[in-house]
Amino acid sequence: MTLLIQNGRVITADSDFVGDILCEGEVISHVGPSIAAPPGSEVIDAAGKYVFPGFIDPHVHIHLPFMGTHAKDSYESASRAAIVGGTTTLIEMCCPNREDQPLESFELWLAKAANSACDYSFHMGVSRFDSSTASQLREIVNRGIASFKVFLAYKGAFGVTDEELFATLSLAKELGVIVTAHCENETLVAALQQQLLAAGKTGPEWHEPSRPTQVEAEGVHHLMTFAELTGAHVYCVHTSCREALENVQAARLRGVRAWVETVIPYLTLDKSYAERSNFEGAKYVMSPPLRDRSEQPYLWAALRSRLVSTIATDHAPFDFAGQKDMGLDDFSKIPNGIPSVADRINLLYTHGVCRGRLDLNTFVDAASTQAAKIFGLYPRKGTVQAGSDADLVIYDPGFRGKIAAATQLMNVDYSAFEGWEIEGRPSTVIVRGAVQARDGKFVGELGRGKLLTREPTHF
Ligand code: URP
Ligand code: ZN
Ligand code: ZN
């Protein structure tokens, strides 16, 4: 299959030019000002449109047994939704519970992904560290998984003890593996939850007060101290507030090798959504919680200054009816998570680029290139150059539309962004040389996605 994309405005993290892109088989073979169409090739006219590298979401949950239920998506639904929204690579958190074995869990998550339409990899969750853990993690790294995940929250489920955190980071340092981390102090969360519930404060509006910014900032500081003393490279997932950012900045100045991710809900939503009446707020319960709107300018500024490297989703879909309502009488039982794998790019383009908060290069860098660089996928993914995988998003900035649960491909019964306007949309999405989406419709093939094996680079 040969595909020629002509006359598009090609945007990478560090370039911006009008040109042509020739894709032969699964890779880009040539990028230049005017490429003649080889006989038999399909030609796509991208005049008036942007051509971006395929976007990478480095933090999603698809198979997620959590808080007494399971997240709703399968790889069939999540990968279709991702592709239509411009995301061509997913990195999923493989999240075993404390009693599970790492290798068995890894095999389970691999099997769940077999039907993916887009490429994927995993961050290997470490939720216990005992005498057999290290050898299993070594084998998983040898099989191409170059990142771990730890939770400093979720006591008794995914959360690790300090001894386990130290052991995980020490092994990661030895293996050159980066450790992604959910940073919240779980002891403080449990104590504050108990205090609020005892006072009869049971609704979703009390979720944020049970996990205030100090709880996240303490978790980040804790991780930074452990990273400093072990030398491990660390990545703070879903960072929501200024205090947490400042703790990373301070650690970086001390020489800690730390990267920061934020997620689209923190850039667009705020805690007032979780305060909506009639339990509607439960749709907006995630952890760390949605914050006061005054935190958002700091997140945007940190993106522009590259203190924040990546924008992910933390996609975690739970139905409003039948799942979120498990916490009707107790906010601490509302399954945590907001679905957004389909919407990240259109929301970021609309609220970042169109509102003048991000330039086009930073948009591409934060939503694609940095994830590829940090997680060992660059330059195979994350850019537009000869030799890279032909993952491309032809983006129509003239499109106008609205987000609606009724038309979304994510398998969940609500949208956190219902009725929101978007000012742009992918018109064509190409995954390894094959067109997989056109104008909001999935036209690709399930099962075409490949596991992306990655080499450790964080020594
Ligand atoms: O609320 C969230 N973030 N749900 C998904 C699990 C996690 O903590 O990432
Ligand atoms: Zn988390
Ligand atoms: Zn997550």
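Around ligand 1 in this predicted model you will find His59, His61, Phe151, Tyr154, His182, His238, Met286, Ser287, Asp314, Ala316, Asn336 and Gly337. Several of these residues come back below, since His59, His61 and Asp314 also coordinate the zinc ion (ligand 3), while His182 and His238 are protein donors of the zinc ion (ligand 2). The two zinc ions are 3.7 Å apart.

**Ligand 1 and its surroundings**
- Tyr154 places a polar side-chain atom 2.7 Å from an oxygen atom of ligand 1.
- For His182, an N or O atom of the side chain is 3.0 Å from an oxygen atom of ligand 1.
- His61 has a polar side-chain atom that lies 3.1 Å from an oxygen atom of ligand 1.
- On its own, ligand 1 exposes 260 Å², and the protein buries 100% of that area.
- The largest cavity is the space that ligand 1 takes up.

**The zinc ion (ligand 3)**
- Its coordinating protein atoms are NE2 of His59, NE2 of His61 and OD of Asp314, at 1.9 to 2.1 Å.
- Along the chain, these donors follow the spacing H-x1-H-x252-D.
- Both histidines of this spacing, His59 and His61, are buried.
- The angles among the four donor atoms run from 86 to 140 degrees, and the site is irregular.
- A tetrahedral label would need all angles to lie between 85 and 135 degrees, so the 140 degrees found here goes past that range.

**The zinc ion (ligand 2)**
- His182, through ND1, and His238, through NE2, are the protein donors here, and they lie 2.1 Å from the zinc ion (ligand 2).
- This site is irregular too, with angles of 57 to 150 degrees among its four donor atoms.

**Residues with two roles**
- His61 coordinates the zinc ion (ligand 3) through NE2 and also has a polar side-chain atom 3.1 Å from an oxygen atom of ligand 1.
- His182 is a donor to the zinc ion (ligand 2) through ND1, and its side chain has an N or O atom 3.0 Å from an oxygen atom of ligand 1.
- Asp314 is among the residues around ligand 1 and gives an OD atom to the zinc ion (ligand 3).

Terms used:
Residues are numbered from 1 along each chain as its sequence is written. Chains are lettered from A and ligands numbered from 1 in the order in which they are written. This is a predicted model: local features need pLDDT of at least 70, side-chain atom pairs count only at pLDDT 80 or more; totals for chains, interfaces and linings use all residues. Side-chain values use heavy atoms; hydrogens and water are left out. Donors are N, O and S atoms within 2.8 Å of the metal (3.2 Å for Na, K and Ca); water is not among the atoms, so sites may look incomplete. Four donors count as tetrahedral if all angles lie between 85 and 135 degrees; four count as square planar and six as octahedral if opposite donors are over 155 degrees apart and all others between 65 and 115; anything else is irregular. Buried means under 20% relative accessible area, exposed over 50%, partly exposed in between (1.4 Å probe, protein chains only). A residue is near a molecule or strand if one of its heavy atoms lies within 4 Å of it. A polar contact is a pair of N or O atoms within 3.5 Å; within protein, one must be able to donate a hydrogen and the other to accept it, and residues adjacent in sequence count only if both atoms are side-chain atoms. Accessible areas come from the Shrake-Rupley method with a 1.4 Å probe; for residues, only the protein chains shown count as cover. On a 1 Å grid over the protein atoms alone, a cavity is a set of points where a 1.4 Å probe fits but cannot get out, and a pocket is an open set with protein on both sides within 12 Å along at least five of seven lines; lining residues have an atom within 4 Å of a point. A molecule sits in a cavity or pocket if more than half of its atoms lie within 2 Å of its grid points.
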